[in-house]
Amino acid sequence: MDTNKEAASRQNSYGGSSEIMSCSDSLDIDESDAHSSEEVQGEGSFSYRRLSRRHKCVIVSICTTSFIIMMSESIMSPLYPVETEVRGISTLVSGWVFAAYALGQVIFSPLIGKYIPNIGSRFVYLSGVFFAGGCTLLFGILEYIPLADGQLVFVVFCFLMQIVLSIGVTAQQTAAFTMASKEFGSNFTAVFGMMEVFVGLGMTVGPAIGGFLYTLGGFHLPFVVVGCLIVLSLPFNYFLLPSVRDERRYMSTNADRAVSKPKGISATRTILRDPTALVTLLSVVLGAGVWAVLDPILEPRLTDFDLTPEMSGVIFLILSASYALGSPISSWVADSLPDNRILMVPGFLVCAISHLLLGGSPLLGFDPDYREIWLTILSLITLGFAISMAVIPSYQIVLDVATDSGLEDNMETNGAVAGIWCSMYAVGDFIGPIFGGWMADDGGFAWTLTYTGLACILVSILLIISAVCDKKCRKPRKSLTDDEQSRTKLLQYNDDDYLTFTEVYIKTLVPPLQMA
């Protein structure tokens with residue numbers, strides 16, 4: 001391999017790291033991996049078979065881990081209310097225990113995204129897996145808190161476990177998005193859709209597996225089994241997941257530092273100042289909220305149909321199953337569109353129609369006593385597909401806004417985008433159940449979903465306005481001058497400047513004669 005091909009190979013490894021990779025047998029990436037990397041970064045269609053071994057390792061690690069972690073999240077919904085009922089804990093307190101998980105994600109997602117470049121995305125990812133598995137295990141042990149100790153001890157430990165669990169899951173998800181966006185570039189939407197397939201599958205099979213294990217061993221067994229699976233995935237991820245290293249830059253003078261990034265302006269603040277990003281993030285909040293709003297109100301609605309518990313569980317799985325099926329389709333379509341909002345707008349419109357039909361909205365002329373199980377099932381199926389259309393394309397829009405605003409396509413920018421996006425999705429998860437429970441008590445099931453349907457229509461209008469304004473008003477990003485380009489080249493490390501631990505050991509401890 002000549003010098004030019006070797007340089008191209010290192011450049012297409014997305015970070016130029018020469019450290020030893022767990023999914024590779026050598027320090028260099030071969031020529032086929034380089035060509036595969038070029039295809040990933042290019043504008044062509046995404047193909048898993050054409051990926052390099054490094055990229056396949058990243059996808060397999062993220063998808064399998066997301067599947068197991070979503071199982072741990074979904075098994076709590078049907079099992080925790082049973083335990084709280086035995087202990088005489090009110091539904092309001094149980095709802096706040098669930099809300100603590102989403103609130104923790106809202107708070108910690110931006111913080112984790114901000115410090116990922118300093119800590120390292122791989123370390124953050126593995127740490128998140130460890131915390132998620134450990135907290136899932138400990139949550140099952142809470143069953144053994146004596147009833148004589150009262151409700152307070154049990155509730156306090158539940159809150160603590162939920163908060164720490166949210167930190168672990170947030171760390172894993174934020175690091176996963178950061179690494180995927182860094183590794184796959186313009187094809188991230190296709191990879192995101194693939195990831196969401198396993199998220200939907202985890203949420204689909206989790207309650208079924210949890211219910212089966214609950215019948216075998218009680219409250220603790222589902223959490224212990226799933227927690228052990230998460231912990232056992234740590235060595236699997238350690239050896240499978242490669243390191244993703246950011247480009248380092250020399251900052252010798254204050255002038256050079258000012259050229260690299262404006263003083264006092266963080267990546268997060270730059271993104272949040274852009275109107276397009278704000279509208280897109282608002283759509284993320286609503287996309288999560290139209291799903292989460294059903295958590296406290298759908299089950300009471302199903303009791304009107306006199307369904308068996310098994311059939312009610314199947315209906316609950318319809319939404320996550322349709323989302324899992326729609327995710328790869330939405331990602332494939334979005335990856336081929338010039339603007340992802342072309343897919344998001346009809347996605348939110350279908351969300352609006354699904355909510356209006358599911359609730360039997362008075363705006364559509366439904367009678368207040370109208371109840372049809374087939375309409376409920378059809379609405380949940382279309383809602384799952386519509387949420388995938390509305391949510392999956394949004395991440396790439398925020399990432400494009402960040403780079404178009406002058407931020408470099410590095411780990412800091414990717415971490416900031418991942419933190420903001422995950423935080424906004426958690427806001428929807430947090431607000432949705434609270435709004436649903438409050439509105440259902442005051443206005444009923446039909447008007448609750450009518451309001452959320454109207455909100456989806458409003459966001460669709462905002463997305464259209466945002467797209468039109470961007471097309472007419474947004475200025476193209478200014479290209480660097482020759483002086484700035486030469487300065488950037490001087491500031492940037494060469495790939496040879498990255499040293500592995502072994503190389504540092506040789507250069508510092510081995511005698512100079514042996515080094516020669």
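**Aromatic pairs**

Start with the aromatic rings: this predicted model holds 19 aromatic pairs. Select phenylalanine 192 and tyrosine 395. Their ring centres are 6.1 Å apart and their planes meet at 55°, so the pair is tilted. Phenylalanine 192 belongs to helix α8 (residues 188-217) and tyrosine 395 to helix α17, so this pair ties together parts that lie 203 residues apart in sequence. Both phenylalanine 192 and tyrosine 395 are buried.

Next, select tryptophan 421 and tyrosine 425. This aromatic pair is stacked, with 5.6 Å from centre to centre and 20° between the planes. The two residues sit in helix α18 (residues 411-442); because tryptophan 421 and tyrosine 425 are four residues apart there, about one helical turn separates them. Tryptophan 421 has a relative accessible area of 4%, so it is buried.

Now show Phe177, Phe188, Phe192, Tyr395, Trp421 and Tyr425 together. These residues make up one aromatic cluster.

**Phenylalanine 177 and the core**

Keep the cluster on screen and centre the view on phenylalanine 177. Which residues is phenylalanine 177 in contact with, leaving aside its neighbours within four places in sequence? They are Phe188, Phe192, Met195, Tyr395, Ala418, Trp421 and Cys422. The last of these, cysteine 422, counts as buried because its relative accessibility is 8%.

Phenylalanine 177 also has a place in the largest nonpolar core, which has 104 residues. The members that touch the most other members are Tyr125, Phe139, Phe177, Ile271, Leu294, Ile387 and Trp421. Helix α7 (residues 150-184) is the greatest contributor to this core, giving 13 residues.

**Along helix α7**

Select helix α7 and pick out two of its residues, leucine 165 and methionine 179.

Leucine 165 is buried, since its relative accessible area is 9%. Not counting residues up to four places away in sequence, leucine 165 touches Tyr101, Ala132, Cys135 and Thr136. Draw a distance between the C-alpha atoms of leucine 165 and alanine 100: the two are 65 residues apart in sequence and 10.0 Å apart in space.

Methionine 179 has 0% relative accessibility and therefore counts as buried. From its C-alpha to that of arginine 122 is 8.2 Å, although the two are 57 residues apart along the chain.

**Two threonines**

Threonine 136, one of the residues touched by leucine 165, is in helix α6 (residues 121-141). Is threonine 136 buried or exposed? At 3% relative accessibility, threonine 136 counts as buried. Setting aside neighbours within four places in sequence, threonine 136 is in contact with Ser72, Leu165, Phe223, Val226, Gly227 and Ile230.

For the second threonine, go to threonine 403 in helix α17 (residues 394-404). Its relative accessibility is 15%, so threonine 403 counts as buried too. Show its side chain, which reaches the backbone oxygen of aspartate 400 at 3.0 Å.

**Helices α3 and α4**

Select helix α3 (residues 53-74). This helix has 22 residues and reaches 32 Å from its first C-alpha to its last, close to the 32 Å expected at 1.5 Å a residue. How many residues of α3 are buried? The count is 16 of 22, and α3 is mostly covered.

Move on to methionine 76, in helix α4 (residues 76-86). Methionine 76 counts as buried because its relative accessibility is 5%. Without residues up to four places away in sequence, the residues touched by methionine 76 are Pro81, Val97, Phe98, Phe139, Gln162 and Phe223. Phe139 is also among the core members that touch the most others, and Phe223 is also in contact with threonine 136. The C-alpha of methionine 76 is 9.8 Å from that of phenylalanine 219, which is 143 residues away along the chain.

**Last stop: the cysteines**

How many disulfides does a search of the whole structure find? The search finds zero. As an example, select cysteine 456 and cysteine 351. The sulfur of cysteine 351 is the nearest cysteine sulfur to cysteine 456, at 5.0 Å, and cysteine 456 is in no disulfide. A disulfide needs the two sulfur atoms within 2.5 Å. Cysteine 456 has 0% relative accessibility, so it counts as buried.

Technical notes. Residues numbered from 1 in each chain as written. Predicted model: local features only at pLDDT ≥ 70, side-chain atom pairs only at ≥ 80, totals over all residues. Heavy atoms only, no water. Buried < 20%, exposed > 50% of the residue type's maximum accessible area, 1.4 Å probe, protein only. Core = buried A, V, L, I, M, F, W, Y, C linked by side-chain atoms within 4.5 Å. Contact = heavy atoms within 4.5 Å. Expected span 1.5 Å × (residues − 1). Polar contact = N/O pair within 3.5 Å; in protein donor to acceptor, adjacent residues only side chain to side chain. Phe/Tyr/Trp six-rings, centres within 6.5 Å; stacked < 30°, edge-to-face > 60°.
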